[in-house]
Structures are given as C-alpha cells and as structure tokens.
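Okay, thanks everyone, I'll keep this short. Have a look at the model on the screen and I'll talk you through a few spots in it.

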Amino acid sequence: MTQDLLLAFIACALFIFAFHVMRVRQDGHLHRTLQEAIRANSPIVPELLTQLNDRPRRRSQTTGLVLIAIAGAILAAGLVQGGTAEIRSAAAAAFFPAFIGIVVVWRSILKRSGG
C-alpha cells in the first residue's frame, strides 16, 4: 500500500517535471527567435511582440486540468482494484495532484478575471 502511494507520487512528479521542461524549452526557442529577429532589425518585430502580448495564456489552466484528470485516474485505479486498502491508498495518492490542479485552475481563473 505504501509502495503504491509512493509510485503514484513519483509518477505525478515526473509528469509535472516533464511538462515544465518541455514548456521551458519551447519558451527558450521563442525567445531565441525573437532575439535573432531583433538583432537583425527585422521589420516584423513590433508585430511579433504585439502578438505575444495578445496571445491567450491557458497553459496553467491546462496543466491544472491534466493534474485533476491524473487524480481521477489514480482514484479510478483504486476503485477498480476494489479492496478497502487499495481504495484508501489511491484516494491518498489522488489528493496530491488534485489539490495542486485545483489551485492551478483557480489561480488561472483569478488571473483572467483580473484578481
């Protein structure tokens, strides 16, 4: 039971880590492209900067929803196993991604409404 809980935490942590590494790499490529355009005195730089400011910021909300889905999957796995110990262990493991996901979604909703 404790080992399953630990494996669930490790899996969630690895998913979150991989997601953020990919996000940082993508942002790095974008910044490098902008730097090269600025250095080359490209005429489209002002338009690109305007587009960056106007783009929707839904990444954090997506991350939160994926974490909530992971929590649901962990809980469903415990329910499928059927034993009381397995359900309790899965519920305990599901709290971690669920709470983080709820906070991330809540924070992105507050930021969108100006809070």
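Let me start with phenylalanine 99, which counts as exposed, because its relative accessibility is 51% and the cut-off for exposed is over 50%. Before I go on, do keep in mind that this is a predicted model.

Phenylalanine 99 has a partner, phenylalanine 95. That one comes out at 48% relative accessibility, so it counts as partly exposed. Both sit in helix α4, residues 84-112, and because they are 4 residues apart there, about one helical turn separates them.

So what do the two rings do with each other? The count of aromatic pairs comes to 1. In that pair, the ring centres of phenylalanine 95 and phenylalanine 99 are 5.5 Å apart and the planes are at 15°, so we call it stacked. The angle is what decides it here, since planes under 30 degrees apart count as stacked.

Now, those two phenylalanines also belong to something on the surface. Together with Leu65, Ile68 and Ile102, Phe95 and Phe99 make a nonpolar surface patch of about 490 Å². Which helices supply it? At least two residues each come from α3 and α4, and α4 gives the most, with 3 residues.

A couple of the other patch members, then. Isoleucine 68 is on the α3 side, and with a relative accessible area of 33% it is partly exposed. Isoleucine 102 belongs to helix α4 and is partly exposed as well, at 47%. Here's one for the sequence-minded: isoleucine 102 and leucine 67 are 35 residues apart along the chain, yet their C-alpha atoms are 8.3 Å apart in space.

Let me zoom out for a second. The protein chain has 4 helices and 0 strands, so to speak a plain α-α-α-α from the N terminus on. Of the contacts with a separation of 6 or more, 72% are between residues 24 or more positions apart. The accessible surface is about 8300 Å², with 66% of that belonging to carbon and sulfur atoms. And of the 115 residues, 20% are buried.

Which brings me to the inside. In soluble globular proteins, nonpolar side chains tend to be buried together. In this model the largest nonpolar core has 8 residues: Ala8, Cys12, Ala71, Ile74, Ala90, Ala93, Ala94 and Ala98. The elements giving two or more residues to this core are α1, α3 and α4, and α4 gives the most, with 4 residues.

What does cysteine 12 touch, once we skip residues up to four places away in sequence? The list is Ile70, Ile74, Phe96 and Pro97. Ile74 is a fellow member of that core.

Still on the buried side, there's threonine 63, in helix α3, which covers residues 59-81. Threonine 63 has a relative accessible area of 9%, so it is buried, the limit for that being under 20%. Leaving out its neighbours within four places in sequence, threonine 63 is in contact with Phe19, His20 and Arg23.

One last stop, for the backbone people. Where is asparagine 41? You'll find it in the loop between α1, residues 2-39, and α2, residues 45-54. Asparagine 41 is exposed, with a relative accessible area of 68%. Its phi is positive, about 55°, although it is not a glycine. As a reminder, most residues other than glycine have a negative phi.

To wrap up, I'd keep three pictures in mind. On the outside, there's the stacked pair of phenylalanine 95 and phenylalanine 99, sitting in a nonpolar patch with Leu65, Ile68 and Ile102. On the inside, there's the 8-residue core, with α4 giving the most to it. And in the loop between α1 and α2 there's asparagine 41, with that positive phi. That's me done, over to you.

Note on methods: Residues are numbered from 1 along each chain as its sequence is written. This is a predicted model: local features need pLDDT of at least 70, side-chain atom pairs count only at pLDDT 80 or more; totals for chains, interfaces and linings use all residues. Side-chain values use heavy atoms; hydrogens and water are left out. Buried means under 20% relative accessible area, exposed over 50%, partly exposed in between (1.4 Å probe, protein chains only). Contact means heavy atoms within 4.5 Å. Accessible areas come from the Shrake-Rupley method with a 1.4 Å probe; for residues, only the protein chains shown count as cover. Rings of Phe, Tyr and Trp (its six-membered ring) pair if their centres lie within 6.5 Å; planes under 30 degrees apart count as stacked, over 60 as edge-to-face and the rest as tilted. Patches are made of residues with over 30% relative accessible area and no salt bridge: like charges are joined within 9 Å, nonpolar side chains (Val, Leu, Ile, Met, Phe, Trp, Tyr) within 5 Å. A salt bridge is a side-chain nitrogen of Lys or Arg within 4 Å of a carboxyl oxygen of Asp or Glu. A nonpolar core is a set of buried Ala, Val, Leu, Ile, Met, Phe, Trp, Tyr and Cys residues joined through side-chain atoms within 4.5 Å.
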